[in-house]
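User: I've got a model open on my screen and I'd like to talk it through. Can we go over it question by question?

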Amino acid sequence: MTPPPDPTATVRRFTPAERWTHRTTAALMGVCVLTAACLYVPQLAELVGRRALVVTLHRWTGLLLPVPVLAGLASRALRADLGRLNRFGPHDRRWLRAALRRDRRPGARPAAKFNAGQKLYASWAAGATLVMLGTGLLMWFTHLAPLRWRTGATFVHDWLALTLGIVLAGHIGMALGDPEARRGMRTGEVARWWAEARHPLWRPDKDVRPDTHVRPDTDVRPDTDVRPEAPAGTGASGRTRGDAGADLQDQ
């Protein structure tokens, strides 16, 4: 008889380097959004004043925004998670279809370490940040481009900033609705039951074979299943044809 799951069991989701990168990026992004609001909303501009200081803060926080991620690339764990975020598989398409139908049945939204929504958000945020940085530089250093380019850059920068603020509000709202996800970003640990329920295709590092000599959250290939040693009588991969067929149906 299988023992009931331990509700207190946890698995590691994020390393300190990943959490530092997320927090620093979030702080810089927050300053960018707040200073932008103070520059474009008249009521906030009157309340804060000191426009020159606000402009300086906005410029330099925007310029520094990519730095935490670039510094975090020294972490194998972060590079591995970026690889996971950059991989979009059949289960992600299933997740999106279920999300569009608002289907919340168990198993309707298969996800590995990151679900399809998180992957789309990460890709969109990275692209938007680069566009904001490029258009901001054209607006800051006016001698870099002709007037029509700067006019277009201003238009794109302003409207993308508004869109970015809305998407960030949605991201924060999703985080507020999931305490366990916030715990994972705050402490690096999440409950095992949450990982199995929300990310059933994810294989936490505690399940890595000891003979693989892989450090946690580092050299495991993104979204792959590292299985224990194959018992006698099975193939080299430790899987029967029936297992492979079931996996194909699940995907």
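Analyst: Sure. One definition to begin with: a salt bridge here is a side-chain nitrogen of Lys or Arg within 4 Å of a carboxyl oxygen of Asp or Glu. Keep in mind that this is a predicted model.

User: With that rule, what is the N to O distance between the side chains of Asp178 and Arg198?

Analyst: Asp178 sits in the loop between α8 (147-176) and α9, while Arg198 is in helix α10, 20 residues apart. The two side chains do meet in a salt bridge. The distance, N to O, is 2.8 Å.

User: Is Arg198 buried, partly exposed or exposed?

Analyst: Let's take its partner too. Asp178 has a relative accessible area of 12%, so Asp178 is buried, since buried means under 20%. Arg198 comes in at 45% relative accessibility, and the exposed class needs over 50%. That makes Arg198 partly exposed.

User: How many salt bridges does the protein have by this rule?

Analyst: The Asp178 and Arg198 pair is one example. Another is Asp81 with Lys113, where the closest N and O atoms are 3.1 Å apart. By this rule the count is six.

User: Where in the chain do Asp81 and Lys113 sit?

Analyst: This salt bridge links distant parts of the chain, with partners 32 residues apart. Both Asp81 and Lys113 are buried. Asp81 belongs to helix α5 (residues 76-85), and Lys113 to the loop between α6 (90-100) and α7 (116-140).

User: How far apart are Arg183 and Glu180 in helix α9, in helical turns?

Analyst: These two form a salt bridge as well, with the closest N and O atoms 2.8 Å apart. Arg183 is partly exposed at 27% relative accessible area, whereas Glu180 counts as buried at 13%. They are three residues apart in α9, so the separation is about one helical turn.

User: Which residues are joined into one network by salt bridges that share partners?

Analyst: You've already met two of them, Asp81 and Lys113, as a salt-bridged pair. Shared partners bring in Arg84 too. The network is Asp81, Arg84 and Lys113.

User: Back to α9: within what arc do its buried residues fall?

Analyst: In α9 (residues 179-187), the buried ones are Glu180, Gly184 and Met185. Looking down the helix axis, they line one face, because they fall within an arc of 140°.

User: What covers those buried residues of α9?

Analyst: Several elements pitch in, and here are some of them. The cover includes α1 (16-40), β2 (189-191) and α10 (192-198).

User: What phi does Gly188 take?

Analyst: Gly188 comes just after α9. Its phi is positive, at about 90°.

User: Which helix gives the largest share of the nonpolar surface patch?

Analyst: The patch covers about 610 Å² and is made by Val131, Phe155, Val156, Trp159, Leu162 and Ile166. Ile166 is exposed, with a relative accessible area of 56%. Five residues of the patch come from one helix, and that helix is α8.

User: His157 is in α8 too. Which residues is it in contact with, leaving aside its neighbours within four places in sequence?

Analyst: His157 has a relative accessible area of 10%, so His157 is buried. Contact means heavy atoms within 4.5 Å. Past its neighbours in sequence, the contacts of His157 are His58, Met132, Thr135, Gly136 and Met139.

User: Are the rings of Trp140 and Phe141 stacked, tilted or edge-to-face?

Analyst: A pair of aromatic rings is described by the distance of the centres and the angle of the planes. For Trp140 and Phe141 that's 4.8 Å centre to centre and 20° between the planes. Planes under 30 degrees apart count in one class, and so the pair is stacked.

User: Which residues do ring pairs link into a cluster?

Analyst: The structure holds four aromatic pairs. Phe141 counts as partly exposed at 32% relative accessibility. The cluster is Trp60, Trp140 and Phe141.

User: Last one, zooming out: what percentage of the residues count as buried?

Analyst: The protein has 11 helices and two strands. It exposes about 16,000 Å², with carbon and sulfur atoms supplying 64% of that. Of its 251 residues, the buried share is 30%.

Notes
Residues numbered from 1 in each chain as written. Predicted model: local features only at pLDDT ≥ 70, side-chain atom pairs only at ≥ 80, totals over all residues. Heavy atoms only, no water. Buried < 20%, exposed > 50% of the residue type's maximum accessible area, 1.4 Å probe, protein only. Helix = DSSP H or I, 4+ residues; strand = E, 2+ residues; numbered from the N terminus. Arc of directions from axis to C-beta. Areas by Shrake-Rupley, 256 points an atom, 1.4 Å probe, with all protein chains shown as cover. Patch = residues over 30% accessible without salt bridge, like charges linked within 9 Å, V, L, I, M, F, W, Y side chains within 5 Å. Phe/Tyr/Trp six-rings, centres within 6.5 Å; stacked < 30°, edge-to-face > 60°.
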